[in-house]
Amino acid sequence: MLSLAPNAVESASEAHPIRVSGYMMSIVVTTLEELAEDGIPTPLLDAILENLLPARRAEKPASYQLARQVLERCADDLQQPLQAFIEGCLPTGSDLPAIESEIREEWPQLLFELSEIMPEIVTYLLPQLQAVISSGEEGNRLQGIELLAKLFTLHNSHNVNLVHASLFH
């Protein structure tokens with residue numbers, strides 16, 4: 001089952017009938033729900049999250065849609081694992097162990113996409129994002145500032161209010 005879920009997301013196609021796409025989503029959601037208590041392995045999160053990246057979105061729009069639907073459906077079960085995953089990807093220089101992930105460097109794009117799917121994740125990650133912006137490395141600071149700027153310009157007013165309230169209170 002563990003290898004079936006990433007393959008289901010990867011093989012999603014616009015040519016699939018709605019019923020097949022529904023079964024694929026059901027497989028992935030069920031797998032995540034069953035693993036949620038014991039911890040979702042990083043390779044499984046990688047397989048889902050990589051479909052949110054812009055290049056993958058353009059290459060495989062059906063996989064992008066399936067990944068978004070799965071994340072929306074499992075938002076409660078995935079809140080903690082996704083927060084830990086993103087924290088492990090952030091270049092904060094903290095004592096947290098870095099996540100071993102092929103998409104680790106894509107944290108700004110991942111966090112932006114996740115903020116559209118589950119806006120409350122931004123609230124939990126703002127202290128770490130502030131650490132990135134305050135870091136000594138200019139590249140990291142710029143990435144953090146650009147991400148915050150994108151979050152502020154989202155049409156999703158809920159997100160703007162969360163970011164504003166967290167930063168200025």
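A residue counts as buried when its relative accessible area is under 20%, as exposed when over 50%, and as partly exposed in between (1.4 Å probe, protein chains only). By that yardstick, buried residues make up 44% of the 169 residues in the chain. The model is a predicted one, where local features need pLDDT of at least 70 and side-chain atom pairs count only at pLDDT 80 or more, while totals for chains, interfaces and linings use all residues. Residues are numbered from 1 along each chain as its sequence is written, and side-chain values use heavy atoms, with hydrogens and water left out.

As for the fold, the chain has ten helices and zero strands (DSSP runs, H or I of at least four residues for helices and E of at least two for strands, numbered from the N terminus). Of the contacts (heavy atoms within 4.5 Å) between residues at least 6 apart in sequence, 64% join residues at least 24 apart. On the outside, the chain exposes about 9000 Å² (Shrake-Rupley method, 1.4 Å probe), and carbon and sulfur atoms supply 52% of that area.

Then there is the largest pocket (an open set of points on a 1 Å grid over the protein atoms alone, with protein on both sides within 12 Å along at least five of seven lines; lining residues have an atom within 4 Å of a point). Its lining includes Ala-12, Ile-18, Gly-22 and Gln-69. Helix H2 (18–35) and helix H5 (61–73) are the elements that give two or more residues to this lining, and H5 brings the largest share, four residues.

Notes
On a 1 Å grid over the protein atoms alone, a cavity is a set of points where a 1.4 Å probe fits but cannot get out, and a pocket is an open set with protein on both sides within 12 Å along at least five of seven lines; lining residues have an atom within 4 Å of a point.
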